[in-house]
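Here are my notes on the model you sent over. I went through the ring pairs and the charged pairs, with a quick look at the overall make-up.

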Amino acid sequence: TLLQPGTTGSRGPISRKGTASVEHTARFSADMFKPFIGPEYQPTGTIDAVYQVSGTHKFPQVEARLHIIDGGAAIPGISETLHAITGTATLSSSNLVIHEISGKLGEGTFRLAGRMNLEQQNLKSVELTFTSSEFPITIPGVIEARVGGRLRLSGPLEAPRLTGEIRLISGTWVRDTAVTPVSRSMETETLALPAPKPVSSETGFFERVTLDIQVIHQEPFWVDNNLARFSLVPELRIRGTARHPVLAGRALVEEGEISYQNKRFEIEKGGVEFTDPYKTDPVVNLTGKGKFRKWLVSLSFTGPPEALNLTLSSEPPLEEPDIISLLVVGRTSEDLIAKEGGSPVSTSKVLAGLIDSEYGAKFKKTTGLDILEAENIPDKDMNGQDRVRFTVGENLSRRMTLKYATETRKGMFIQEFISEYKLLDKLLMSGYQDTEGAYGAGLLYRMEFK
């Protein structure tokens with residue numbers, strides 16, 4: 001079933017002494033490798049074979065010359081694919097010698113050479129060397145990197161080992177992370193992981209390949225996401241199996257900064273540790289400091305990248321709510337009360353401050369809105385209390401904008417619909433209508449300051 005129609009043939013003499021020398025040609029599809037490597041790799045291409053049968057009927061000798069034509073394969077989880085694979089090999093009754101197989105992953109190149117030993121037409125052991133140059137590795141929304149290296153696959157087929165080194169040329173982790181203050185985090189039960197099951201001889205080839213690969217770096221690895229931007233120096237090894245690789249070791253912070261509540265903190269120390277022997281489960285530890293007015297604020301992040309726990313402290317000491325207030329609105333609760341003549345600050349002012357902080361940017365990013373504004377408006381009709389006016393909007397074009405605003409006025413919930421058309425760079429024509437029936441229009445001259 002592996003032979004394509006019309007691609008086989010044979011020729012050669014048969015002697016009277018019972019010996020034969022017959023040459024055959026055939027073309028095989030790369031689909032033949034699916035049972036060995038798994039269908040998810042989607043192998044493509046063809047293999048041309050010219051093989052010669054000689055010797056006697058009782059002791060036949062077979063030798064084949066193989067040529068790979070335009071091979072390729074997918075690699076689950078990454079954007080790049082293997083392609084442009086070509087190469088030659090020689091197959092005999094005792095071994096398969098790979099003279100050279102070369103190809104590309106994205107724009108990076110690789111080379112494979114070595115041999116596989118056979119016994120009674122069954123593969124018994126392997127001895128292969130793989131070298132690569134500037135492989136691009138992209139996992140969308142997670143990581144972008146370029147790697148190279150030299151790997152060696154050797155040993156019996158029942159338990160081959162992949163050893164060597166991978167050189168990290170450059171890389172950036174871009175996946176965002178969530179942050180939870182420790183005071184609001186919930187304790188979770190720690191579950192003991194079961195011991196790994198012994199590898200069965202019936203498992204696939206990639207489950208049987210054990211890994212021991214050192215990761216070295218040419219340039220530091222960068223983390224650049226919603227939380228921080230910093231460089232890491234890795235001290236890592238890759239263990240586990242080819243089907244389920246596991247990172248072990250640590251990566252230490254070289255330099256960088258943390259962003260929290262739109263404030264910058266210089267990283268003093270930190271790193272990422274990989275200690276779980278059964279899976280890649282990084283644990284982040286970062287400590288940063290920043291000076292805000294007379295307070296030196298320290299923060300630390302610990303936990304998995306997907307859900308970091310945050311701890312805040314300061315010198316002189318402040319309670320955590322006061323530290324957050326200092327970072328969000330620039331004042332502690334004592335400052336806010338003093339500014340209001342000894343009375344507590346209005347909720348509307350704090351809420352407007354939060355909207356103008358990073359929460360507003362996150363909301364706009366999540367909803368796709370172009371405009372999110374919160375205004376704190378003094379209202380004499382509400383016994384000196386302020387009211388908050390929320391406005392959301394979308395830029396329909398370079399000149400046309402639609403807005404929706406809402407506020408509570410004199411105990412009533414008022415909604416207002418606004419359209420703006422930009423006549424000139426700073427001159428706009430505006431029209432509005434609210435749910436109370438009021439409407440109007442006018443010209444606006446707008447200057448924006450940052």
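1. A bit of vocabulary first: a residue is called buried under 20% relative accessible area and exposed over 50%, with partly exposed in between. By that yardstick Tyr404 is partly exposed, because its relative accessible area is 26%. Keep in mind throughout that this is a predicted model.

2. Now the overall picture. The protein carries 6 helices and 25 strands. Of its 450 residues, 33% count as buried. The accessible surface adds up to about 27500 Å², and carbon and sulfur atoms account for 55% of that. If you take contacts between residues at least 6 apart in sequence, 40% of them join residues at least 24 apart.

3. On to the aromatics. How many aromatic pairs turn up in the whole structure? The search finds 6. One of them is Phe110 with Phe135, an edge-to-face pair with 6.3 Å from centre to centre and 85° between the planes. This pair links distant parts of the chain: Phe110 belongs to strand β7 (residues 108–119) and Phe135 to strand β8 (residues 122–139), 25 residues apart. Are these two rings buried or exposed? Both Phe110 and Phe135 are buried.

4. Another pair to look at is Tyr404 with Phe417, which is tilted, at 5.4 Å centre to centre and 50° between the planes. Tyr404 is in strand β22 (residues 400–409) and Phe417 is in strand β23 (residues 412–422), so the pair ties together parts 13 residues apart in sequence. Phe417 counts as partly exposed because its relative accessibility is 47%.

5. Two more ring items. Phe110 and Phe135 also belong to a cluster, linked by ring pairs, that includes Phe130. Separately, Arg229 lies over the face of Trp222, 4.3 Å from the ring centre.

6. Next, the charged pairs. Side chains of opposite charge can pair when their charged atoms come close. A search of the whole structure gives 15 salt bridges. Among them is Glu207 with Arg243, where the closest N and O atoms are 3.2 Å apart. Here too the pair links distant parts of the chain: Glu207 is in helix α2 (residues 205–208), while Arg243 sits in the loop between β14 (228–240) and β15 (245–260), 36 residues apart. Glu207 has 26% relative accessibility, so it counts as partly exposed. Arg243 is partly exposed as well, at 23%.

7. Strand β14 deserves its own point. Which partner does Arg237 meet in a salt bridge? That would be Asp212, at 3.0 Å from N to O. Arg237 lies in β14 and Asp212 in strand β12 (residues 210–217), so this pair ties together parts 25 residues apart in sequence. Arg237 counts as partly exposed because its relative accessibility is 28%.

8. Glu235 is in β14 too, and its salt-bridge partner Arg250 is in β15, so that pair ties together parts 15 residues apart in sequence. The N to O distance for Glu235 and Arg250 is 3.2 Å. Both ends are partly exposed: Glu235 has 41% relative accessibility, and Arg250 has 37%. Finally, salt bridges with shared partners join Arg161, Asp212, Arg237 and Arg239 into one network.

Notes:
Residues are numbered from 1 along each chain as its sequence is written. This is a predicted model: local features need pLDDT of at least 70, side-chain atom pairs count only at pLDDT 80 or more; totals for chains, interfaces and linings use all residues. Side-chain values use heavy atoms; hydrogens and water are left out. Helices (H or I, at least four residues) and strands (E, at least two) are DSSP runs, numbered from the N terminus. Buried means under 20% relative accessible area, exposed over 50%, partly exposed in between (1.4 Å probe, protein chains only). Contact means heavy atoms within 4.5 Å. Accessible areas come from the Shrake-Rupley method with a 1.4 Å probe; for residues, only the protein chains shown count as cover. Rings of Phe, Tyr and Trp (its six-membered ring) pair if their centres lie within 6.5 Å; planes under 30 degrees apart count as stacked, over 60 as edge-to-face and the rest as tilted. A charge sits over a ring if NZ of Lys or CZ of Arg is within 6 Å of the ring centre and within 35 degrees of the ring normal. A salt bridge is a side-chain nitrogen of Lys or Arg within 4 Å of a carboxyl oxygen of Asp or Glu.
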